[in-house]
Amino acid sequence: MRTIPSRHPVAAAVAAGLVLVALASFVPPYRLFIVGQLSVVVMVTVGLAVLMGGAGLLSLASAAFMAVGGYGAIMLMIQWSLPWFVAVPVVVAAGAVLGGLLGFVTLRLSGFYLAIATLGFLQVLLALLKHGGQLTGGGYGLVAPLLATPGLPDVPAEWLSLLTLFCAVLTVAAAVTVTRSRIGRAWIAIRDNEAAARMQGIDVRRMKVLAFAFTSGLTSLAGALHAFLLNGTNPSTYTMNLSIFHITLVVVGGMSGSIFGAVAAPLVLFFLPEMFTALGEWRDFFYGAILLLTLVLMPSGLSSLLRYLPGQGAART
Amino acid sequence: MELLIGGLAIGAVYALLAIGIVLVFRATGVVNFAQGEVMMVAAYAYVLAAARTGSAVLQMAAAVGTGIAAALLCYAVAHLLLPRASRLAQVIGTIGVLILLQAGARFLFTDDPVPADPWLFGDENLLVGGATVAVNSLLILGITVLATAALVWWQNATVYGRAVRAVAEDPWRAALSGIHVSSTLATSWAVGGALAGIAGLLVSPVTGVYPTMGDSVIFPAFISAVLGGFSSIEGALVGGLLLGLIQTYAVVLFGGSFKEAVMFGVLLAVLLWRPTGLFAARGARQV
Amino acid sequence: MSLLEATGLRVAFGGVQALDGLDLSVGEAEIHGIIGPNGAGKTTAMNVLTGFIRADGGTARFAGAPLPSQPHLVAQAGIGRTFQSSAIFADLTAVENVMCGGHRWSRAGLFGSMVRTRAAQAEEAELRRTAADWLGRVGFQFPVDTPVGALPFGEHRKMEVARALMGRPRLLLLDEPTAGLTPAEVHVVGDLLRALRRDSAHPLSIVLVEHNVPFIFSLCDRVTAVDKGRTILSGTPAEIRGNAAVIQSYLGGGGAEGHAAAPAVPPPAVADTVPPVLELRGMRAGYGRIDVIRGVDMTVRPGELIVICGRNGAGKSTLLNAVSGQPKVSGGEVLWGGARLNGLSVSQIARRGLALVPQERGIIAGQTVESNLRLSTGGLGLSRAGYRARRDAMFERFPKLGARRTQIAGTLSGGERQMLALAKALLRQPRLLLLDEPSIGLAPTILEELGRTVEAIRADSIAVVVAEQNVWWVAPLAQRAFLMESGRFVASGPAAEIAERERLLESFLGGQGSDGGADEAALALVYGGHR
Ligand SMILES: Nc1ncnc2c1ncn2[C@@H]1O[C@H](COP(=O)(O)OP(=O)(O)OP(=O)(O)O)[C@@H](O)[C@H]1O
Ligand SMILES: [Mg+2]
């Protein structure tokens, strides 16, 4: 096997993922489930942060692509008896293509129009899923088949949470490397000044479609893992409130395409409320209050916390 | 005929909310997600007032006043608490208000719908061209059209309307010409709140009053606004009425479960055909 | 054979014929200047050539092939360009901005970027190295990793030139690249452009739109003069300079030297007994926790014209902006006819009779010219007739605006915007007028006109404060001048004297970096013990 230089981001990401997974395996099983869920939310937020913060495209379709991932993976496994580790990559690719298509069709839209149009996509997709009969399980959704892996003994349910955590780490790494590349800079350039971006030879249409495809692929992956975690899909999961929640996370994280913020925001707005389930009817107050509080304390997002880290200076992450 | 008027009346409620959203958006660039909750709060005020007084004027004042107060709360959060935040962060701020208002209402009044009596005319019907039409539906329509006309004049024919747009585009440069920025902003929010108050007053007899009543109208209101070009008041009116009709007939033709899909399908089609809605904004900005 | 050949370009916007048969021919390795009055169609021509605007007629060929019709294809064909008003990517650092210029010749795709293939890594390093190199060559004065949002205007201009060069163009279109630069910085850019053309490995042709007449004439091989969307004459600088039509439409009385005919004697000083309109006492202001203005004292009396000069980033704009209410004054006092202005909002201060024309123009870009004027009456309580009278007076003073009253202000040419901004301020009949770099982007004839306007305003017993880098047009008109350096006044006195010192200082610094030692030494030389 060819040796990869130790500083290479892929190796670093895999190593970091393994370390985190190793640490997480000490977490008690019932908490591990929350870790898995958190990982899903992080993946979606990170993907959306690239689309919104990076390319400046406001999309309410994140729930739709989670549905694509979840339904897609399970349908492939049921209809064509594909093993899960084939179904997932296929569904990620399909999500990316579908996202690219959505991006292409909505190229002329921007801002709130784009948000509402992508919301329309979600609603139409949901209606189809709810009335898909046998194929989609109608209003009840689908139950995930057992995730058997040939050659491996049956593993306990917790491994799914760990796998999701590992995927989340890889997602974060991918988002970081992409946003710091030529492509990521082109996205930000388009958002900041489209005319000047075009004059640098950047093909704006192509880049927007690419951003949609990238984000949709990641979101589909998250959606598939989410469905596995929950043992199935239910159409009432993929509401526009879920999409709005994802956007909230991105904004709270910081709109500068910050990946750090996209990881931190789910910790504050998802993990924290999950930890305080004892609050009962006060939970909504609690959630609303931390939302407003983070906005007021850090109007440019949690990513502004980075400034206080030693050695970060004004660097953007 | 009943269907037509009924659809238009639903549409008028959407339009009232949509126009409030458009007003605030024109003035501040913020999309107010809490507009439905402003309406909800006003609806509770109306019910409480109706239990205490028979005076239609007082009931109206309670609803409108509460609507204004709730909208000013949104203003305070979006502009006073988050003065330097991005537009999108301010939008998320209104979502924060939405959550708190809903939680507050649930805390005070529980989830059960409170029935409300129709304002002014009760359950009277009118015979128009052989069909019975609820007077209330006509009332809703009339009020909406009048309000729209007044607002269109206010925004397009007076210096005030221009100042609103100037502040939206560039608060600092507007202030340099002597325009008071905060009061201009607050006025737009307040007017939007008053409209939501009227909507709450008109809609509560139909749907009852409950904490999440805003959820079911906010997206139709957004769609109406987008159909109408998002910064055009008359556009929002037409968009709202259109949507009310589409929705009503969609329920009749395809059944209730496709209502949403049809609404958004129409919206998608319109946007793909005309990316800035049916009524493109006047004086579109260029880079 | 020429590299770029455009003939008979025509563009109409509604009623305005912006280009009316413009011809332009640029040879290989040539520096080609375009001059012409404000609104002549220079920027429009660039927009047509780079595919932002579709021409109604005419042909354009580049390197023997028809020009592509979309900006990114034009860029890929080898044409780079800068924009008249800064077009930066505000969320990137300086070096990242410039790296974007290399998009055209870098190749890494989404997947390569994601997993950082060897090729992608090597390319990224190459991009960064080249970009840093270009920043150095244009005389960029800050660390390359500085976020650009906070940089002064002049650094943006230099960075944009570097970004355009980063694309390895064969033809570079520069729209007023030196607007807002100090003379020394202009010098650096001039030297760079000359060096680029000589670089035989990469022959580069440059088209330069400028109102800095000496700069154009000293640098260019050929110059095209345009007016009203048409080419008047294309030729060597000497031919252009001598042409009567060009002098009449563009160069004006100051001729090719670009200097306004100065009045023989500056206006008399205003007596100390006249009560001041504005008084600053130890004023401090800044953004966030850092004070940019660090203790400024100044008195302004009615009928006085004061010039504040100083380099990019010295704090001139911050001073004027803070006096008019934003950013907030953080220390000291601002007195308006004796009463404190500290803490008042921008609109409250404006309503007391202070008018600021900010550096990047005080117009509302999304509304019409007429609407802009109407809006500027906020708080004056004018009747409709009263407004009309004042408006018509402005249209008389700036006839170009009158002809464009229904045009959206954002589509005005650079110079027309400046006129509108001035008209908006004057319409308020202020007691104190603050002008921030009003000369940027104005044609020489218009600048002369501006000088006369400012003089007339001052003679009306209105106080005027002008912050300028190119003081030559206003210094002869002013009673007093201040030299600003790092947020303080380091010298004050008669305008002519300060302007001379400023010139000396500039030539000492010669565009060197703002590195402290050199600064201090040069300042000591100029001011002796006065600091
Ligand atoms: N989009 C537009 N709509 C209407 N008129 C326009 C538009 N763009 C430009 N114009 C008009 O076309 C004319 C030429 O403008 P252009 O910007 O090319 O001038 P310019 O030569 O660059 O002037 P300056 O030296 O002041 O920058 C101007 O009168 C301007 O008002
Ligand atoms: Mg120009």
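Here is a short walk through the place where chain A meets chain C, followed by a stop at one residue of chain C. Keep in mind that this is a predicted model.

Let's start with the extent of the interface. The size of an interface is often given as the accessible area lost when the parts come together. For chain A and chain C, that buried area is about 3200 Å², and carbon and sulfur atoms give 59% of it. On the chain A side, Arg182(A), Arg185(A) and Met199(A) supply 26% of the area that this chain buries against chain C, more than any other three residues. In terms of residues, 34 from chain A and 39 from chain C take part in the contact.

Next, look at the polar side of the interface. There are 2 salt bridges between chain A and chain C. Arg191(A) forms a salt bridge with Asp91(C), and the closest N and O atoms are 2.5 Å apart. Across the interface, 11 residue pairs are in polar contact, both residues being at pLDDT 80 or more.

Which elements of chain A give two or more residues to the side that touches chain C? They are helices H1 (9–24), H6 (158–179), H7 (182–192), H8 (194–199) and H9 (204–229). H7(A) gives the most, with 9 residues. Sorted by character, the residues on this side of chain A divide into 19 nonpolar, 6 polar and 9 charged.

Finally, turn to Glu497(C), which sits in helix H18 (residues 495–509) of chain C. Glu497(C) counts as partly exposed because its relative accessibility is 42%, a value between the 20% and 50% cut-offs. Ser347(C) lies 150 residues from Glu497(C) in sequence, and their C-alpha atoms are 36 Å apart in space.

Technical notes. Residues are numbered from 1 along each chain as its sequence is written. Chains are lettered from A and ligands numbered from 1 in the order in which they are written. This is a predicted model: local features need pLDDT of at least 70, side-chain atom pairs count only at pLDDT 80 or more; totals for chains, interfaces and linings use all residues. Side-chain values use heavy atoms; hydrogens and water are left out. Helices (H or I, at least four residues) and strands (E, at least two) are DSSP runs, numbered from the N terminus. Buried means under 20% relative accessible area, exposed over 50%, partly exposed in between (1.4 Å probe, protein chains only). Contact means heavy atoms within 4.5 Å. Buried area is the accessible area (1.4 Å probe) that two parts lose on being put together, summed over both. A salt bridge is a side-chain nitrogen of Lys or Arg within 4 Å of a carboxyl oxygen of Asp or Glu. A polar contact is a pair of N or O atoms within 3.5 Å; within protein, one must be able to donate a hydrogen and the other to accept it, and residues adjacent in sequence count only if both atoms are side-chain atoms. Ala, Val, Leu, Ile, Met, Phe, Trp, Tyr, Cys and Pro count as nonpolar, Asp, Glu, Lys and Arg as charged, and the others, Gly among them, as polar.
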